[in-house]
Amino acid sequence: MTQPPPPDRADAAYPSGMPSPDWVALQRAAIEVRDTAYAPYSGFPVGVAGLVDDGRVVVGCNVENASYGVGLCAECGMVSALVAGGGGRLVAVSCVGPEGDTLMPCGRCRQLLWEHGGPDCLVATSTGPRPMSELLPDAFGPANLGR
Ligand code: THU
């Protein structure tokens, strides 16, 4: 449950006018939703919480399937909740694994976070919050499609 303080550069990437994210509260929300995960096949429950630019917090957990490849990562659920709840931009994300410790989003989920948070979205890591621009460098994204 320990979270190192954010490095200065992470604060620099954070949108101006927004209060600093409460990383401890985000991690708690991720742990809470992790407890609802449906992960009978991997035994690896994951929870994720994201702070939206309007102040709301959206959450998701992994949902596996007997047809293994159909399983959904926690971030998929969180992004669905974001869009279904009216949209908005993710500004800070905390993802946790079975022990409640920080978990790095998988490659596919980094692409999801890029779409809905962009390069400045901060992600909790074991060394402190880091912007998506570091976690998915040279990303393909909406700009490549003229959006
Ligand atoms: N998992 C996530 O939910 N998010 C990630 O970013 C990494 C992996 C899930 C997928 C699967 O249900 C379980 O963790 C084991 O891979």
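Biologist: What makes M78, L90, V93, P105, G118, V123 and M132 residues that L113 touches?

Modeller: Contact means heavy atoms within 4.5 Å, and L113 meets this criterion with M78, L90, V93, P105, G118, V123 and M132, leaving aside residues up to four places away in sequence. The model is predicted, so local features require pLDDT of at least 70 and side-chain atom pairs pLDDT 80 or more, whereas totals for chains, interfaces and linings use all residues. Residues are numbered from 1 along each chain as its sequence is written, and side-chain values use heavy atoms, without hydrogens and water.

Biologist: Why is L113 called buried?

Modeller: Buried means under 20% relative accessible area, exposed means over 50%, and partly exposed lies in between (1.4 Å probe, protein chains only). L113 has a relative accessible area of 0% and is therefore buried.

Biologist: In which helix does L113 lie?

Modeller: Helix 4, residues 107-117, contains L113. Helices (H or I, at least four residues) and strands (E, at least two) are DSSP runs, numbered from the N terminus.

Biologist: What makes strand 1 mostly covered?

Modeller: Six of the six residues of strand 1 (residues 47-52) are buried. G47, A49 and L51 point one way and V48, G50 and V52 the other way, and all are buried.

Biologist: How do you know that strand 1 is joined to strand 2 and how they run?

Modeller: Two strands pair if DSSP finds at least two bridges between them. Five bridges join strand 1 to strand 2 (residues 57-61), and the two run antiparallel; the pair therefore satisfies the criterion. In this hairpin, four residues stand between the strands, and G55 takes a positive phi near 95 degrees.

Biologist: What joins strand 1 to strand 3?

Modeller: Six bridges join strand 1 to strand 3 (residues 90-96), again antiparallel. G50 has V58 as its bridge partner in strand 2 and V93 as its bridge partner in strand 3.

Biologist: Which residues surround the ligand?

Modeller: S42, F44, V46, N62, E64, C73, A74, E75, P105 and C106 surround it; a residue is near a molecule if one of its heavy atoms lies within 4 Å of it.

Biologist: What makes the approach of E64 to the ligand a polar contact?

Modeller: A polar contact is a pair of N or O atoms within 3.5 Å. A polar side-chain atom of E64 lies 2.5 Å from an oxygen atom of the ligand, so the pair falls within that limit. A backbone N or O atom of A74 lies 2.8 Å from a ligand oxygen atom, and one of C106 also lies 2.8 Å from a ligand oxygen atom. The ligand taken alone exposes 370 Å², of which the protein buries 75%, with areas from the Shrake-Rupley method and a 1.4 Å probe.

Conventions:
Polar contact = N/O pair within 3.5 Å; in protein donor to acceptor, adjacent residues only side chain to side chain.
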